[in-house]
Amino acid sequence: MNTTLTRPELTAADRCDRCGAAAQVRAILPSGGELLFCGHHARKHQERLRELEADLQAQRQA
């Protein structure tokens, strides 16, 4: 049996790890760790996160 671990959708309680604003992007690192970013900080760190081969998951807009 294959099981896939999924991470829950971001909620209003999820905050940016840099500034505390509402998180809009989850960056999942190859090591399994994760970082949450607001839109501003996600854009600011996007290039480095891609270099690290992080999986970037943006919050869906309702």
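## Exercises around Arg26 and its surroundings

The side chain of Arg26 reaches over to the backbone oxygen of Pro8, at 2.8 Å. Keep that contact in mind while working through the tasks; the model is a predicted one.

**Exercise 1. Get the layout down: which elements does the chain have, and in what order do they run?**

Solution. Start with the count: there is one helix, and there are three strands. Now walk from the N terminus, and the order reads β-β-α-β. Then look at cover: of the 62 residues in the chain, 24% are buried. For the surface, the chain exposes about 4800 Å², with 48% of that supplied by carbon and sulfur atoms. Last, take the contacts between residues at least 6 apart in sequence: 28% of them join residues at least 24 apart.

**Exercise 2. Place Arg26: where does this residue sit, and is Arg26 buried or exposed?**

Solution. Step one is the element: Arg26 belongs to strand 1, which covers residues 25-28. Step two is the accessibility. Arg26 has a relative accessible area of 6%, and the cut-off for buried is under 20%, so Arg26 counts as buried. Step three is the company Arg26 keeps. Skipping neighbours within four places in sequence, its contacts include Arg7, Pro8 and Leu10, then Glu34, Leu35 and Leu36, and finally Asp55, Leu56 and Gln57.

**Exercise 3. Sort out the salt bridges: how many does the structure hold, and which residues are linked in a network?**

Solution. The structure has three salt bridges. Take Arg7 with Glu34 to begin with, where the closest N and O atoms are 2.7 Å apart. Arg7 is in the segment before strand 1 while Glu34 is in strand 2 (residues 34-37), so this pair ties together parts 27 residues apart in sequence. Arg7 is partly exposed at 35% relative accessible area, and Glu34 is partly exposed too, at 34%.

Next comes Arg26 with Glu34, at 3.2 Å between the closest N and O atoms. Put these pairs together and you get the network: Arg7, Arg26 and Glu34.

That leaves Arg48 and Glu51, whose closest N and O atoms are 3.1 Å apart. Both of these residues lie in helix 1, three residues apart, which is about one turn of the helix. Arg48 is partly exposed, with a relative accessibility of 47%.

**Exercise 4. Find the largest nonpolar core: which residues make it up, and which elements give two or more of them?**

Solution. List the members: Cys16, Val25, Ala27, Phe37, Cys38, Ala42, Leu49 and Ala54, eight residues in all. Sort them by element, and strand 1 and helix 1 turn out to be the ones giving two or more residues to this core. Now zoom in on Val25. Leaving out neighbours within four places in sequence, Val25 contacts Leu10, Leu35, Leu36, Phe37, Ala42, Gln57 and Ala58.

**Exercise 5. Compare two spots: is His41 buried or exposed, and what is the phi of Glu53?**

Solution. His41 is in helix 1, and its relative accessibility of 11% makes His41 buried. Beyond residues up to four places away in sequence, His41 touches Cys16, Arg18 and Cys19.

Glu53 is in the loop between helix 1 (39-51) and strand 3 (55-58). Its relative accessibility is 64%, so Glu53 counts as exposed. Now check the backbone: Glu53 has a positive phi of about 60°, even though this residue is not a glycine.

Methods:
Residues are numbered from 1 along each chain as its sequence is written. This is a predicted model: local features need pLDDT of at least 70, side-chain atom pairs count only at pLDDT 80 or more; totals for chains, interfaces and linings use all residues. Side-chain values use heavy atoms; hydrogens and water are left out. Helices (H or I, at least four residues) and strands (E, at least two) are DSSP runs, numbered from the N terminus. Buried means under 20% relative accessible area, exposed over 50%, partly exposed in between (1.4 Å probe, protein chains only). A polar contact is a pair of N or O atoms within 3.5 Å; within protein, one must be able to donate a hydrogen and the other to accept it, and residues adjacent in sequence count only if both atoms are side-chain atoms. Contact means heavy atoms within 4.5 Å. Accessible areas come from the Shrake-Rupley method with a 1.4 Å probe; for residues, only the protein chains shown count as cover. A nonpolar core is a set of buried Ala, Val, Leu, Ile, Met, Phe, Trp, Tyr and Cys residues joined through side-chain atoms within 4.5 Å. A salt bridge is a side-chain nitrogen of Lys or Arg within 4 Å of a carboxyl oxygen of Asp or Glu.
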